[in-house]
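Please load the model in your viewer and keep the selection panel at hand. The tour visits an internal cavity and then a pair of helices.

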Amino acid sequence: MPKLFGMFQGITIKQFHQFFANEDDCKQYLFDIKWKDGYQCRRCKATKSVKGRTAFHLRCGKCGYDESVTAHTLFHKIKIPLLKVFGMCFRIAVRKKGMSTIELANEFDVNQKSSWLFKRKSQEAMKSSGKHLLDTIVEADELMIGGPEAGKRGRNKGDKKLVVIAVEKVKGNKIGRAYAEVIKDASAESFKPFFEKYIDKDNARVVTDEWRGYWPLESEFEIKQKPSTGGKNFPGVHFVIMNLKGWIRGIHHHCSDKFMNGYLNEYFFRFNRRNFLNSIWHKLIERFMINTPYWYKANAA
């Protein structure tokens with residue numbers, strides 16, 4: 001079995017290239033992540049293994065099933081060299097604004113289709129684990145990606161994408177974690193799954209504007225409503241909304257309905273780890289390893 005490689009903790013491209021020099025370095029890193037808690041055969045559940053057909057395969061000692069380090073992960077049958085893939089992950093994770101598919105294709109010399117699919121895989125890996133619920137003071141609001149249409153007012157979204165967002169306020173009135181998802185309308189029926197998924201109902205005090213769609217949730221969540229006054233009463237959530245809209249306009253210009261939640265996954269994955277940049281790339285690679293394969297034909301627009 002190959003020797004342990006260790007965890008990469010760096011935020012500069014020089015540090016990255018010093019740590020990963022070739023394909024074997026990348027495979028070793030994935031090997032250490034995949035089987036760090038020991039081996040178990042995917043087919044017969046046996047826990048004893050022998051060397052597989054390469055240094056980065058393990059073969060079941062009981063049934064003989066030979067599994068590669070990338071099998072059954074988001075790296076499964078990926079056609080881009082792993083060294084490039086690691087570099088693309090690094091750019092997406094560490095750069096404050098990430099990278100568009102066009103930028104990835106140009107910088108890493110891959111075609112647009114490969115860049116597009118890799119971006120989708122990355123956004124799938126960036127989906128929230130649901131383990132860190134928002135608590136203390138939580139500001140909740142909605143926004144329309146792309147802004148309101150001419151002749152449309154209030155929560156009538158027209159052809160735009162309506163998104164609900166929640167932002168946690170922590171010590172010193174600073175912004176903690178935040179999450180957002182696309183919703184079909186501004187009703188309690190649409191708000192409830194989002195609140196249940198991301199907000200700790202036992203420890204959070206939710207602050208919203210006076211929209212009646214939040215009223216039915218008061219039986220399950222502690223909710224305080226007050227006038228928005230153009231966002232002045234909700235400085236935390238409106239700061240995040242402003243930056244989210246700016247990121248989409250500046251980097252991606254337009255996001256389709258089908259993949260909007262993916263872009264929200266990406267934005268908030270980075271946002272929620274903005275104080276842990278030394279480990280953000282490693283966390284993304286771990287997510288690639290625990291997620292199942294994502295195929296172009298099944299997910300193309």
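Which residues lie nearest the centre of the largest cavity, and how many residues line it? The model under inspection is predicted. Select Met126, Lys127, Ser128, Tyr179 and Asn272: these lie nearest the centre of the largest cavity, whose lining comprises 16 residues. The volume enclosed there is about 130 Å³, and the count of cavities of 30 Å³ or more comes to one.

Next, display strand E6 (174–182) and helix H8 (260–271), the elements that give two or more residues to this lining. Of the elements, H8 gives the most, with four residues. Colouring the lining of the largest cavity by class will show seven nonpolar, five polar and four charged residues.

Now move to the helix pair. Select helix H3 (residues 82–94) together with helix H4 (residues 101–108); their axes come within 11 Å and cross at roughly 140°. H3 is therefore oblique to H4, since angles over 145 degrees would be needed for roughly antiparallel. The crossing of H3 and H4 is right-handed.

To see where the two helices touch, show side chains on both. From H3, select Lys84, Gly87, Met88, Arg91 and Ile92; from H4, the residues they meet are Leu104, Glu107 and Phe108. Coloured by class, this contact of H3 with H4 has four nonpolar, one polar and three charged residues.

Note on methods
Residues are numbered from 1 along each chain as its sequence is written. This is a predicted model: local features need pLDDT of at least 70, side-chain atom pairs count only at pLDDT 80 or more; totals for chains, interfaces and linings use all residues. Side-chain values use heavy atoms; hydrogens and water are left out. Axes are lines fitted to C-alpha atoms, for helices over the stretch in contact, and angles run from 0 to 180 degrees between N-to-C directions. Angles under 35 degrees count as roughly parallel, over 145 as roughly antiparallel, 65 to 115 as roughly perpendicular and the rest as oblique. A crossing is left-handed if the near helix is turned anticlockwise from the far one by less than a right angle, and right-handed if clockwise. Contact means heavy atoms within 4.5 Å. Ala, Val, Leu, Ile, Met, Phe, Trp, Tyr, Cys and Pro count as nonpolar, Asp, Glu, Lys and Arg as charged, and the others, Gly among them, as polar. On a 1 Å grid over the protein atoms alone, a cavity is a set of points where a 1.4 Å probe fits but cannot get out, and a pocket is an open set with protein on both sides within 12 Å along at least five of seven lines; lining residues have an atom within 4 Å of a point. Grid points are joined across faces, edges and corners, and a volume is the space filled by probe spheres set on the points.
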